[in-house]
Structure formats: structure tokens, C-alpha cells
Amino acid sequence: MAASALLRFRMSIRRFPLDALLLVSLFMVLLPGAGLVLLDLIPLKPQLDFATYYLAAQALNAGRSPYDATVIEGLAQQAGVPHAAYLYPPLFAAVLRPLALLPFPLANALWLIFNLALFLLGVLLLSRLLALPRRWLPLLLLGSLLVPALHHTLELG
């Protein structure tokens with residue numbers, strides 16, 4: 001079934017060379033976006049959202065409220081990380097308590113790796129759902145890096 005879809009796609013490109021040219025042009029225009037994603041993530045900067053979760057979990061570990069601005073400010077200064085007000089349910093901070101036992105740079109890197117693993121799993125599941133050939137997986141991965149929502153999610157944590 002997937003082979004016949006690929007054959008139809010190839011035939012449509014042959015019949016409509018302008019469409020193929022537009023597709024290649026679009027890809028070339030969007031390709032620098034993938035490079036920008038990598039430049040934003042390497043070297044890994046503190047992820048603002050994750051820093052907020054991390055500090056809230058640290059507050060819980062210390063028996064303090066994650067909603068107390070003075071507590072979070074003190075923890076942020078100790079860890080040397082940016083922060084924002086924690087606005088989420090306490091359960092989320094409680095789930096991240098084990099990560100808050102680690103130094104922030106290590107926890108930050110592990111959180112990014114976890115997010116990338118979930119992204120990869122999502123792309124794999126999407127390719128299976130769409131019954132795409134395995135050779136399309138790199139194209140799907142690269143194309144998905146161009147999606148601004150993914151970029152912001154990885155950047156903010």
C-alpha cells in the first residue's frame with residue numbers, strides 16, 4: 001500500500017514539475033530553521049520553564065511552598081538559574097522532585113534528553129500511523145524540526 005502511494009507521488013511530481021520545484025524551494029527556505037533550532041539548543045542554555053519546575057520541586061523537597069515567591073527567589077539565586085512564578089498544580093512539581101535532587105545543569109540536560117526521546121517516539125509512531133516507508137523517517141524528523149512549537153518546547157523545556 002505504501003509503495004503504491006510513493007509511486008503515485010513520484011508520478012504526480014513528473015506530471016507537475018512546478019509542484020516539485022515549489023516543494024524543493026519551500027524545503028530550501030525552511031531548512032535554515034532546522035539549523036537555528038540546533039544553534040538555540042547547543043550549547044544548552046537554562047530552559048526557563050524547566051527551571052521554574054525544578055525550583056518548585058526543590059521547594060517541595062525542602063518542605064516549602066512552590067508558590068512562595070521569596071522561597072523560589074532564594075532557590076533560584078542558590079542554583080543560579082532564571083525563573084518565573086510557578087503557576088501549575090503541585091502534582092507536577094512533586095513528580096519532578098527526583099530531578100530536583102540533581103544539580104541544575106545535569107537535570108536540565110536530562111530534561112532535554114527526555115523531551116527529545118518523546119519527540120523521537122512521537123515521530124516514529126506518526127510514521128507508523130501514516131504507514132510511511134522507513135526511508136522517509138529522516139525527512140519526517142527534519143521536517144518536524146521546522147515546526148515552531150517543537151522549537152519553543154525544546155528551548156523552554
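## Overall layout

Reading from the N terminus, the elements run α-α-α-α-α-α-α-α. That makes eight helices and zero strands in the chain. Keep in mind that this is a predicted model.

## Burial, surface and contacts

The chain has 157 residues, and 28% of them count as buried. On the outside, about 10,100 Å² is exposed, with carbon and sulfur atoms supplying 74% of that area.

How do the contacts spread along the sequence? Take the contacts between residues at least 6 apart in sequence: 65% of them join residues at least 24 apart.

## A look at helix α4

Helix α4 covers residues 69-79, and its buried residues are V71, I72, L75 and A76. Looking down the axis of α4, you'll find these buried residues within an arc of 130°, so they line one face of the helix. The general rule behind this kind of pattern is simple: an α-helix has 3.6 residues a turn, so residues three or four places apart point the same way.

What do the buried residues of α4 pack against? Their partner is α3, which spans 48-61.

Now flip to the face turned away from the buried side of α4: here sit the exposed residues A69, T70, Q77 and Q78. So that cut-offs are clear, buried here means under 20% relative accessible area, and exposed means over 50%.

## Just past the helix

After α4 comes G80. The phi of G80 is positive, near 70°.

Methods:
Residues numbered from 1 in each chain as written. Predicted model: local features only at pLDDT ≥ 70, side-chain atom pairs only at ≥ 80, totals over all residues. Heavy atoms only, no water. Helix = DSSP H or I, 4+ residues; strand = E, 2+ residues; numbered from the N terminus. Buried < 20%, exposed > 50% of the residue type's maximum accessible area, 1.4 Å probe, protein only. Contact = heavy atoms within 4.5 Å. Areas by Shrake-Rupley, 256 points an atom, 1.4 Å probe, with all protein chains shown as cover. Arc of directions from axis to C-beta.
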